[in-house]
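Reader: I am new to this structure and would like a close look at a single part of it, the strands and the core beside them. Could you take me through that part slowly, beginning with the terms I need?

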Amino acid sequence: MSTQRLLLCSLGCVLLAGCALGTQRFGRAIDAERIASLEVGVSAKADVLRLFGPPTATSRLPVVAPVESPAPGLEAPSEPDPEVFVYEYREDRETFFTAILYTRFRRDVLADRLMVFFDASDVVRYVAFAQETGAQDTE
């Protein structure tokens with residue numbers, strides 16, 4: 001009889017345990033190979049839109065006032081507020097495990113972010129890219 005109780009107890013524990021894995025994706029994946037097509041000082045805003053589509057967000061950097069220099073004629077000129085296109089792709093990876101009174105939850109948020117800065121003529125001035133999602137997939 002004790003073997004049946006042990007079997008029923010073990011079966012009950014298994015039925016009370018649960019596990020879940022999942023990944024939620026936000027935005028469109030950024031094709032890192034297309035970034036090489038952007039040329040600073042040459043590519044225009046239209047080229048960026050053609051390659052990557054509409055940005056996730058846009059922003060304008062604050063105008064920087066000219067810096068006064070002790071030597072005449074060496075003042076830094078002020079620049080117009082440049083526009084920035086921000087492209088973001090995010091993955092939320094979640095692991096959930098529970099067994100009777102024990103629960104373990106883990107969440108990793110990985111993001112790829114592309115920022116393209118334009119000058120006053122809508123020409124690419126600077127490109128910045130950070131990728132986290134691909135680095136985790138190769139492990």
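Author: Helices, of at least four residues, and strands, of at least two, are DSSP runs, numbered from the N terminus. Counted in this way, the protein, which is seen here as a predicted model, has 4 helices and 5 strands, and from the N terminus on these elements follow one another as α-β-α-α-β-β-β-β-α.

Within that order, strand 3 is a good place to begin, since two pairings can be followed from there. On one side of the account stands strand 2, residues 57-60, which pairs with strand 3 in the antiparallel sense over 4 bridges; in this pairing Arg60 has Glu83 of strand 3 as its bridge partner. The other pairing is with strand 4, which runs antiparallel to strand 3 and is joined to it by 16 bridges, and here Thr98 stands opposite Thr103 of strand 4. Strand 3 and strand 4 form a hairpin with 2 residues between the strands, and in this hairpin Ile100 takes a positive phi near 50°. Most residues other than glycine have a negative phi.

A positive phi is also found at Asp122, where the value is about 60° although the residue is not a glycine. Asp122 lies in the loop between strand 4 and strand 5, the latter covering residues 124-130. With a relative accessible area of 32%, Asp122 is partly exposed, because that value falls between the 20% under which a residue is buried and the 50% over which a residue is exposed.

The paired strands also lead to the interior, for the largest nonpolar core has 13 residues, and those with the most contacts inside it are Ile30, Val48, Phe52, Tyr87, Leu114 and Val116. Helix 3 (45-52), strand 3 (83-99) and strand 4 (102-118) each supply at least two residues of this core. Phe52 shows how such a residue is surrounded: apart from its neighbours within four places in sequence, Phe52 is in contact with Ile30, Tyr87 and Leu114, and also with Arg28, Asp31, Arg34, Ile35 and Leu38.

To set this part against the whole, 22% of the 139 residues of the protein count as buried. Among the contacts in the protein with a separation of 6 or more, 59% come from residues 24 or more positions apart. The accessible surface of the protein comes to about 9900 Å², and carbon and sulfur atoms hold 58% of that surface.

How values were computed:
Residues numbered from 1 in each chain as written. Predicted model: local features only at pLDDT ≥ 70, side-chain atom pairs only at ≥ 80, totals over all residues. Heavy atoms only, no water. Core = buried A, V, L, I, M, F, W, Y, C linked by side-chain atoms within 4.5 Å. Buried < 20%, exposed > 50% of the residue type's maximum accessible area, 1.4 Å probe, protein only. Contact = heavy atoms within 4.5 Å. Pairing = 2+ DSSP bridges. Areas by Shrake-Rupley, 256 points an atom, 1.4 Å probe, with all protein chains shown as cover.
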